[in-house]
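Dear colleague,

I am handing over the structure we spoke about, and my notes on what was found in it follow below. Please read them with the coordinates open beside you.

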Amino acid sequence: LTAGNKIFHLGPCRVSLSITEIRAGFNAIKASIQARDPIKTLSILSHPYSLHKVKASDRCCIALHLFDFYVDKVFKHCKAEDSYLNRKISSIANSFLSARRKLEQCHQQNQCPCGQESDEKLEQVLVNYEGLNVTSAAIKSLGELDILLDWM
Amino acid sequence: SGELYCSLPNPRNVRFESVNMKNVLRWSAPEGTGDGVLYKVKYSVYGVGKWIRKPECRNINRTWCDLSSETSDYEEQYYASVKAFLNGMCSNWTETTRFNPLTDTKIDPPMVSVSSTEKSISILLTAPEKWKRSPEGKSISLLQVYPGLQYNVSVLNKKTKKRWFFSISNNTLVVPWLEPETAYCVSAQIHVTTPLLHSGFSNEQCIATLKDQTTK
């Protein structure tokens, strides 16, 4: 376990995440990314369903699918014109990629069950995301990374 | 919304200042305005579609407004906004950045209590409490808010100026094998790994180890 890494216990699965590095990276871009998101009346992750109300048994499935969501639908659509921001975003993306890989291995051993409630929450995240154009949705989702990290 | 045309300069530096989740909205008066400016305040929960007025901060002349009660759910994030009025003129609403009470609060140092024997000192650390609505309200330690909370403890031998550092998760520490009749000073800091937060160091608490009874 390298310094700054933390093991997250997500149901039966355990995933090591360089949380200190991710947090520091997010803190560095938070003001700039959130300032590019003018829509205060819509949240991708926290409304109408709050991640904090997720049952313990659903944590693993939701974490896995949110990692998928960020890797497949968020980071790749967050190209900023500022190279500093881009470096921070790709560093966070790489951390998510490795965490997803580990979580998928656990999932393949059928240890990451998805219940109906988690399916509904994940469906809502996608509905919220698709309610905006891709770039706006990606920037908003990136600006909400702390919501995911706080929940984990 | 029937708002007047607003030509007064905006309030400046509108931001949340938070300590132990006592979340106070603060701002500076609009540029070039002296006394007599009045303000009103509204806030919103991020992701929820409406602004909510804060009646206790309507037509106030001070430049702060305590929104601790309105922002006490630290699983949510918030915005707040201020509008200024002077001589029938008004400013535009001026907003904060997005406020996350969990990551954007400052944490006070822990309380440190020390006791000693001949060759050891015992240190008891108490994390600050989260802000609460009233003194009778239920106390919530920041330890419950931040389960990964740790303490960094510094112990200084006043005679030799030798200093030790300890990083502990529980709130008690016994430092053994010390010199009798010697003054030691203890200071402690709170450190949270996720989210990244740490307090300042507490004021030093000094205590002397007792006289060694075996050397009479």
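What does chain A average in pLDDT, and what share of the residues score at least 70? Chain A averages a pLDDT (the predictor's confidence in each residue, from 0 to 100) of 90, and 97% of the residues score at least 70. This is a predicted model, in which local features need pLDDT of at least 70 and side-chain atom pairs count only at pLDDT 80 or more, while totals for chains, interfaces and linings use all residues. Residues are numbered from 1 along each chain as its sequence is written, chains are lettered from A and ligands numbered from 1 in the order in which they are written, and side-chain values use heavy atoms, with hydrogens and water left out.

Among the elements of chain A (helices, H or I, of at least four residues and strands, E, of at least two are DSSP runs, numbered from the N terminus), the lowest mean pLDDT, 83, belongs to strand β1 (residues 6–10), and the highest, 96, to helix α5 (residues 134–143). Where pLDDT is low, the predicted coordinates should not be read in detail. A:Lys6 lies in strand β1 of chain A, and A:Lys6 counts as partly exposed because its relative accessibility is 30% (buried means under 20% relative accessible area, exposed over 50%, and partly exposed in between, with a 1.4 Å probe and protein chains only).

Turning to salt bridges (a side-chain nitrogen of Lys or Arg within 4 Å of a carboxyl oxygen of Asp or Glu), the count comes to 20 over all chains. One of them joins the side chains of B:Arg98 and A:Asp37 at 3.0 Å, N to O. That pair crosses between chains, from B:Arg98 in the loop between β8 (94–95) and α1 (101–104) of chain B to A:Asp37 in the loop between α1 (19–35) and α2 (59–74) of chain A. Both B:Arg98 and A:Asp37 are buried, and a network of salt bridges links A:Asp37, A:Lys140 and B:Arg98.

Within chain B, the side chains of B:Glu70 and B:Lys54 meet in a salt bridge at 2.9 Å, N to O. This pair links distant parts of the chain, with B:Glu70 in the loop between β5 (64–66) and β6 (78–86) and B:Lys54 in strand β4 (residues 52–60), 16 residues apart. B:Glu70 counts as partly exposed because its relative accessibility is 21%, whereas B:Lys54, at 9%, counts as buried.

Some backbone details also deserve a look. Most residues other than glycine have a negative phi, and most peptide bonds are trans. A cis peptide bond joins A:His47 and A:Pro48, with omega about -5°, and A:Pro48 lies in the loop between α1 and α2 of chain A. Another cis peptide bond joins B:Thr194 and B:Pro195, with omega about 0°, and B:Pro195 is placed in the loop between β14 (183–192) and β15 (197–198) of chain B.

B:Asn59, in strand β4 of chain B, has a positive phi near 55° although this residue is not a glycine, and B:Asn59 is partly exposed, with a relative accessible area of 45%. B:Trp177 also has a positive phi, of about 55°; B:Trp177 lies in the loop between β13 (172–175) and β14 of chain B and is exposed, with a relative accessible area of 80%.

With kind regards
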